[in-house]
Amino acid sequence: MRATLRQAARATVHLFLAAAMAFGSYIFITVLLIAATGAVTGVGIWLLPETVLLIRRIAGAKRRSTASWTGREIPEAYRTVTGPLRERLRTAVRDPCTLTDLRWLGAYYAYGWLTVLMLPLWPAGLLVDGVRRALLGREALVLPLLVRLADLEAGWSAALLSPSPKALLASRVEQLTATRADAVAAHGAELRRIERDLHDGAQARLVALSMRIGLAQRAYGADPDTARKLLFDAQDQAEEALTELRHVVRGIHPPILTDRGLEGAVRALAGSSGLGVTVRTDGLPDGPRAPAAVEAAAYFVIAEALTNAAKYSGSDRAEVVLARSRAGLSVRVRDEGCGGVDEGAGSGLLGMRRRVAALDGTVRVSSPVGGPTVIEVELPCVW
């Protein structure tokens, strides 16, 4: 009986919220009529995009409420309403999800009132089910109807609010367009960084090396000691130039990834980070390796996260978890520092997101003030 009461109470909360939203939708019809009148007459046509955005917020709240009850997320596939008034109007009117939201809102005027049935069900359920349970020892009969009523309301809402395949495809195209733009921008920034490193580092040292060798050639006949010293300096310059070139190569694709794989490269990275880093792997050593691009993205994500932890977290320990899944590679970096990461303050997370987005991956950052900071990355790939 206690489990039945808990389920009925949870269903009642869901139905109460649905009833409140239904009541609000009845009031919202006034806003719709004003917006429709303004659009027809042309006087208040600017209200139309704002009304569509308001409907999106209402539908989004209903999606979250339904997902909380059913445990299944309802995706959104809205087009972005931005730009001048004409463009905003065109986007608001032509977005397939606008019709989906209006269809749901119209249907909700009809089935939203069903939620009031919970009012008579509670006293009847407490009376009937209490007698059945206490005297007859039978299962509850009336209170479970509250759960069924909530399931019915949530099922209708989920079916009506689910975007059409056309809307999902349009949203996916828009997402890929933005991802491609970010990838192009990240690639351009990477090329500029490599060019700058070569120009300021290795190229400058090679020029100095060439000059010292030339001076040594001129001084070889007249002053062998000076020539020998210049050759020693040239050798030092050559070693420094090689170091610079290795640094540039590591920035493109670390050779250690090729030699030791992702796990070995991450353990080497953890050992040189200056933190006490615990590295755990789940299924990674088993089976084939991930594609080179995926390994490189995971490596640079971990390198950036550990660098940030060493510089800003105030913690001396961190944890890295690498896990293989059917969908791809999962990366999780956690530190017990002060938290409060600001992505707009040059923390490197923007570059991390761009690198991962180029592979159609996702990045989740949790960093409340006081810690901990957790960065989770999902990189899809075929094993």
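**Figure 1. The whole chain: 11 helices and 5 strands make up the protein.** Helices (H or I, at least four residues) and strands (E, at least two) are DSSP runs, numbered from the N terminus. This is a predicted model, where local features need pLDDT of at least 70, side-chain atom pairs count only at pLDDT 80 or more, and totals for chains, interfaces and linings use all residues. Residues are numbered from 1 along each chain as its sequence is written, and side-chain values use heavy atoms, with hydrogens and water left out. Of the 383 residues, 38% are buried; that means under 20% relative accessible area, with exposed over 50% and partly exposed in between (1.4 Å probe, protein chains only). If you take contacts (heavy atoms within 4.5 Å) between residues at least 6 apart in sequence, 70% of them join residues at least 24 apart. About 21700 Å² of the protein is exposed, and carbon and sulfur atoms supply 61% of that; the areas come from the Shrake-Rupley method with a 1.4 Å probe, and for residues only the protein chains shown count as cover.

**Figure 2. Inside the largest nonpolar core, a set of 37 residues.** A core here is a set of buried Ala, Val, Leu, Ile, Met, Phe, Trp, Tyr and Cys residues joined through side-chain atoms within 4.5 Å. Leu262, Ile302 and Val320 have the most contacts inside this one. Elements giving two or more residues include helix 9 (255-271), strand 1 (276-282) and strand 2 (317-324), but the largest share, 12 residues, belongs to helix 10. Look around Leu262: setting aside neighbours within four places in sequence, it touches Leu257, Leu284, Arg289, Glu295, Ala298, Tyr299, Leu322 and Leu329. Another core, of 33 residues, lies apart from this one, with Ala8, Leu32, Ala77 and Tyr78 among its members.

**Figure 3. Arg289 and Glu295, a salt bridge in contact with Leu262.** Their N-to-O distance is 2.6 Å; a salt bridge takes a side-chain nitrogen of Lys or Arg within 4 Å of a carboxyl oxygen of Asp or Glu. The two ends are covered quite unevenly: Glu295 counts as buried because its relative accessibility is 5%, while Arg289, at 44%, is partly exposed.

**Figure 4. Glu319 and its two arginines, Arg280 and Arg332.** The whole structure has 16 salt bridges. Glu319 in strand 2 pairs with Arg280 in strand 1, 39 residues apart, with the closest N and O atoms 3.1 Å apart. For Arg332 and Glu319 the closest N and O atoms are 3.6 Å apart, and this pair runs between strand 3 and strand 2, 13 residues apart. Shared partners join Arg280, Glu319, Arg332, Arg364, Glu376 and Glu378 into one network. Arg280 counts as partly exposed because its relative accessibility is 42%, and so does Arg332, at 25%.

**Figure 5. Helix 6, residues 144-161.** Its 18 residues reach 26 Å from first C-alpha to last, close to the 26 Å expected at 1.5 Å a residue (1.5 Å times one less than the number of residues). Buried residues in helix 6 include Leu146, Ala150, Glu153, Ala154, Ser157 and Leu161.

**Figure 6. A nonpolar surface patch of about 720 Å².** Phe23, Tyr26, Ile27, Trp113, Val116, Leu117 and Leu119 make it. Patches take residues with over 30% relative accessible area and no salt bridge, joining like charges within 9 Å and nonpolar side chains (Val, Leu, Ile, Met, Phe, Trp, Tyr) within 5 Å. Helix 1 (residues 2-41) gives the most, 3 residues. Leu117 sits in the loop between helix 4 (96-111) and helix 5 (118-136), and is partly exposed at 38% relative accessibility.
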